[in-house]
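Okay, thanks everyone, let me grab a few minutes of your time. Please have a look at the next slide, and then I'll walk you through it.

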Amino acid sequence: MSAVADSPGAGRYIGRGLPRPGAKRLLAGRGRYTDDVVLPRMLHAAFLRSPYAHARLGAIDVSAAAVMPGVHRVLTGADFALLCTPWVGTLSHFKGLRSAPQRPLPTDKVVWAGQPVVMVIAETRAEAEDALEVIEIDFEEREPIVDLDAARAPDAPRIDADAPDNVLFRTRIEAGSVADAFAEAEIVSVDLRFGRHTAVTMEPRAVLADFDPSEQRLTVHQSTQTPYQFQDLYARHFGLSEARVRVIAPDVGGSFGMKLHLYHEDMAVVGASLLLKRPVKFTADRMEAFASDIHARDHRVRARLAVGPDGILRAIEVDDVTGVGPFSAYPRTSAVEGNQVVRLIGAPYRLTEYRADLTVVAQNKVQMSQYRAVGHPIACAVTERLVDLAADRLGLDPFEIRRRNYVTDDMYPHTTPSGYRFEKLSLATCLEKLHDLMDYPGLRAEQAALRERGIHRGIGIATYVEITNPTPAFYGVGGAHISAQDGCVLKLTPAGEVSCAISITEQGQGSEAIIGQIVAEGLGVDRDHVRVLTGDTETTPSGGATWACRGAGIGGETALQASRKLKGRILEIAAAILQAEPGTLDIRDDAVTDADGTPRMTLREVANLAYYRSDLLPPDVSPALTVAHHFAPRGYPFAFTNGIHGSLVEVDVETGFVTILKHWVVEDCGRVINPLLVDEQIRGGVVQGLGAAFYEECRYSETGQLLNGSMGDYLVPMACEMPDIVIAHVETPTLDTELGAKGCGEAGTAASSGAALNAVNDALRPLGAGISQLPMTPERILRALDVI
Amino acid sequence: MIAPQPLAVTVNGSPVRRFVEPRLSLADFLRGDLGLTGTHLGCESGACGACIVNLDGQPVHACLMLAVQVDGMRVDTIEGLSDAGVLADLQAAFHARNALQCGFCSPGILVVAHDCLASWDASGTVPSREAIRDALSGNYCRCTGYEAIVDAIESTARARRNRGVAA
């Protein structure tokens, strides 16, 4: 069943690969990103950052800085103490999770190298930076806590002196009897290490706060994906009226989950504007971005899999230790990633025996929290590595062992041992589709032939199950003010065009484009006549915005239902004029028609009438042509998607360099609204995952210094290193919504590093070597090969 | 700090005269003094390519140049190149292929691609995908995975070549 054939409207727009209307503006250099915004009387902020990973804060002398040219104010932690209430990154459903209170700037100690300590506000950024150089601070160095195992040792020095240890959170998931299963099976095990990496959005974080004391109004322009969340945070922590706080997210130059966490600089900039009563701007430079944007994926996972001689998986046992930096990030916590790792491991397989331990450990490093495909790449790599090892042990092909063990189509709805409920996945269909797409037998034959010539190619596959469309079960039940619903206000303008204001946001993935398509189809109007507004808390209804792959599934459904509502309004007004029953009318091509499609009056005529000649309407018919609609998912707690990746690599055993030759993805995100955008989302996601697999790692010294905090040192995939990526779709729409869409933004990242890990190990296997650490750098591959 | 120096430069075809601090980068001058915010700053160290503009017809990193260094020269930014229409087919190809997402890297990539296309066009060749990927080795993109960008540049090169042959 194709998306077009059974789409809820006329099939004119949903399912079509239309280019994004907003992209033309960006291509012409007419984008408007936060740093582009200039306000009258605007000042600039710069921060003095801690050179130490762990130190007690002594005297701070800012007297010389305060009199530097252009300097308006120098602020320290004490200046914010009474202005702003502290924040704590905990959620009540993560029982026992604790974290020290955070403030804009520290008053007693610093806990990572790069933490902002003093803020200078000046006429220009350059003048603010000049003044940083003459500030003197007495730091009393303390022992930094860097290594995961050392940090959780019972006698380790503590980051938070009041805490019993450096473990912020522990949880165990247990189902069935793992011990019995392991007693009578073959056992394979892994000890996998995942390097910390970071989002590297092309546009660094930027925030411009403008407080107007005459109206007690705060306006914040911010490069964020969640403006409503920040509206709530600024209002609550600064004691302002929420209705007088406006957050505007103009064009956003990439976010990937990194721009939804609260950063100390955000609060300091807002606080500074409140104190100075003038607009204050801060834009992170790239070094600051590396040293203060959230990092992700610092995990060490030991896991075992029990498999029967028949190739049937019996049980999995997991121990995940994750280092999250000095505290739990706010407001989403740093426990979500590990929680998703231990809940997603083994998810595609028929397993009843499962046990997983998660330990979330504090360290003196940059805070770690949610980044694109939260936890998924770790869970996928662990699971799929174990499955490949089991196949190898039993002499089975990687495709065959998966065929034997996937949750089967007759098992849905299916609940995993970790408690996730799947409405319906398409695992076997995706597996077979990938097999054909790759020409798997041909690849294996080519691999064997090339091995004869000393060329070492590897083929790897990795299955993923992805969490999308989260309900309040995700954050709301834990007490966070993070909305799971979305809102849409839809208006037929006096000229008969459509204005759509929606709470999901746009960071380039095409949210505005797909909402326009859904509304155009839902209403029966030309796509060009729909204008979509996002990213401004004052002009759009409140809602969850864009994260965790919820834009299409929840935002899209909201827009579709809103368009149904507006259509009803239009038809009621038209029916009154045409002396017909609304149920006998329809809208097509911007006109009200009879059921057979015969045009009766244009939307412009309906709108003209309602706005300018409401005297012609019967008294019981409202002239309103604006509707508001909100939608929150009520069915399954999450809409799970699935898919599978294939990776073909070539390993140079003399240099350790890996060439990524080709990558394949078969994915199922439910109804595809715009295949052009879905494909590019997946390709971009794959490349971020391949970055994690081969290049990206935030490397620290033993003293907690970030060693590669610049774009020259931290490797990000470039055009010449990346392969072409082949994509195919399977569509299993969710029946929880009329639209049927699930998320697609994390599908690329979720499994690409796992597929690459299996591919490299497939290449190394005949050489008796294996690798179990990401990124798979040339040095690590040579060590695995015992060359160095 | 040294006192502001006089600067005379032609930007997007128009003469501009300003006094600027010697330490001011060309990128900050274009963005801050002239409001040409299409030139983006991603790293300020010449690695990411988001700030690339044409200086006397050659692509340069505006973050690595000082404004005072361009005295007497001609600077063309994404705004000027767009208004002049010289990027129109390339921009249309990027749009049709969705060869951008957040768009932050796009101006730098378009300037580089424009320069490469001119030389490929002059030599009468259609570049291989490897040659296009190599040409983009100074431009980071974090959103697209590059393939769509390569496609858009390749199709533009082919269309220009076909037009050239037809003419």
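**The interface, and then one helix**

So, keep in mind that this is a predicted model. Let's start with polar contacts: between chain B and chain A there are 26 residue pairs in polar contact, with both residues at pLDDT 80 or more. On the chain B side, the elements giving two or more residues to the surface touching chain A are helix 2 (78-84), helix 3 (88-97), helix 4 (106-123), helix 5 (129-135) and helix 6 (147-166). Helix 3 of chain B has the largest share of that side, with five residues. By class, the side of chain B that touches chain A splits into 18 nonpolar, 16 polar and 11 charged residues.

How many salt bridges are there between chain B and chain A? We count nine. One to look at is Asp36(A) with Arg31(B), where the closest N and O atoms sit 2.8 Å apart.

Now the area. About 4,000 Å² is buried between the two chains, B and A, and carbon and sulfur atoms give 55% of that. His95(B), Tyr140(B) and Arg142(B) supply 23% of what chain B buries against chain A, more than any other three residues.

Last stop, helix 17 of chain A, residues 603-612. Buried there are Leu603(A), Val606(A), Ala607(A), Leu609(A) and Ala610(A). Why do they end up on the same side of the helix? Because they cover an arc of only 160° around its axis. On the other side, Arg604(A) and Tyr612(A) are exposed. As for packing partners, the buried residues of helix 17 pack against several elements of chain A, including helix 16 (551-578) and strand 21 (486-492).

Definitions and conventions. Residues are numbered from 1 along each chain as its sequence is written. Chains are lettered from A and ligands numbered from 1 in the order in which they are written. This is a predicted model: local features need pLDDT of at least 70, side-chain atom pairs count only at pLDDT 80 or more; totals for chains, interfaces and linings use all residues. Side-chain values use heavy atoms; hydrogens and water are left out. Buried area is the accessible area (1.4 Å probe) that two parts lose on being put together, summed over both. A salt bridge is a side-chain nitrogen of Lys or Arg within 4 Å of a carboxyl oxygen of Asp or Glu. A polar contact is a pair of N or O atoms within 3.5 Å; within protein, one must be able to donate a hydrogen and the other to accept it, and residues adjacent in sequence count only if both atoms are side-chain atoms. Helices (H or I, at least four residues) and strands (E, at least two) are DSSP runs, numbered from the N terminus. Ala, Val, Leu, Ile, Met, Phe, Trp, Tyr, Cys and Pro count as nonpolar, Asp, Glu, Lys and Arg as charged, and the others, Gly among them, as polar. Buried means under 20% relative accessible area, exposed over 50%, partly exposed in between (1.4 Å probe, protein chains only). The arc is that of the directions from the helix axis to the C-beta atoms. Contact means heavy atoms within 4.5 Å.
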